[in-house]
Amino acid sequence: MAGAEGAQPQQHHPCSICMEPMAPAAAHRGGAACAHAFCRACLSGHVRAKLESGGGGGGAVVRCPDASCAAALDPELCRGALPPEVFERWCRALCESLFLGARRTYCPFPDCSEMMVADDDGGGAEECVTQSECQGCRRLFCARCGVPWHAGVSCEEFARLGEGERAREDLLLVEAAREGNWKRCPRCRFYVEKSSGCLHITCRCGFEFCYGCCKPWALIHDGCPGA
């Protein structure tokens, strides 16, 4: 009695990089227009190396390592062979490469940092977009200053503030000072509100100045526009 015909053995093909034989289930094709196949370790190492060195001549475009093949590798076809962080890095690089030459801006919030293309019509600084909404975290920021949105304070006022004066409570104080026409001591920059009396102000730091023009006070102080 003749025995049943045995199953055909799987045909092994060599990896196009290391030339080691691979079972069909372990072979990874890198591109739809490329017939070359690679083992997981070689394909992952090739993509990682190209990303770290700036890509295969086209920025984020990674090409087949075979010298006779100019096909670009497809991230989705390679995904099964790549560690998640390498795949995500490759996708980010490809996304950014689509906007080469465009003016880009980034969300200023450290827990987001989403990249966006700035909506710039080529006008002057006074015409550029300021209040913007991050497409990732949906928070408001100033595209001109690159900081969280400074409501009630112009970009010019914000630029004049020191590094320690840009917190939310500081911006509220600046807005209140502008609405109340408060003045700042020329020496210590402390806000002073005058409700009545003459223009001669003695700040808490001891500096004497004119509330009308903010110049140092003198015994003869004529011509002040606030007098």
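Reader: Before we look at the largest pocket, what counts as a pocket, and what counts as lining?
Author: A pocket is an open set of grid points with protein on both sides within 12 Å along at least five of seven lines. Lining residues have an atom within 4 Å of a point. Keep in mind that this is a predicted model.

Reader: OK. Which residues line the largest pocket?
Author: Glu157, Arg160, Leu161, Val174, Ala177, Arg178, Trp182, Arg184, Arg189 and Tyr191.

Reader: Which elements give two or more of those?
Author: Helices α4 (155–160) and α5 (168–180). The most comes from α5, with 3 residues.

Reader: What's the lining like by class?
Author: There are 5 nonpolar and 5 charged residues, and no polar ones.

Reader: And what volume does the largest pocket have?
Author: About 220 Å³.

Reader: Switching topic. Where does His28 sit?
Author: In strand β3, which covers residues 28–29.

Reader: Buried or exposed?
Author: His28 is buried, because its relative accessible area is 14% and the cut-off for buried is under 20%.

Reader: What does His28 touch, leaving out residues up to four places away in sequence?
Author: His36, Ala37, Phe38, Cys39, Arg40, Leu43, Gly80 and Ala81.

Reader: Now the whole chain. How many helices and strands?
Author: The protein chain has 5 helices and 13 strands.

Reader: How much of the chain is buried?
Author: Of its 227 residues, 28% are buried.

Reader: What about the exposed surface?
Author: The chain exposes about 14,300 Å², with 53% supplied by carbon and sulfur atoms.

Reader: Last one. Among contacts with a separation of 6 or more, what share is 24 or more positions apart?
Author: That share is 30%.

Technical notes: Residues numbered from 1 in each chain as written. Predicted model: local features only at pLDDT ≥ 70, side-chain atom pairs only at ≥ 80, totals over all residues. Heavy atoms only, no water. Helix = DSSP H or I, 4+ residues; strand = E, 2+ residues; numbered from the N terminus. Buried < 20%, exposed > 50% of the residue type's maximum accessible area, 1.4 Å probe, protein only. Contact = heavy atoms within 4.5 Å. Areas by Shrake-Rupley, 256 points an atom, 1.4 Å probe, with all protein chains shown as cover. 1 Å grid on protein atoms, 1.4 Å probe; cavity = no way out; pocket = protein on both sides within 12 Å on 5 of 7 lines; lining within 4 Å. Points joined across faces, edges and corners; volume = space filled by probe spheres on them. Nonpolar A, V, L, I, M, F, W, Y, C, P; charged D, E, K, R; others polar.
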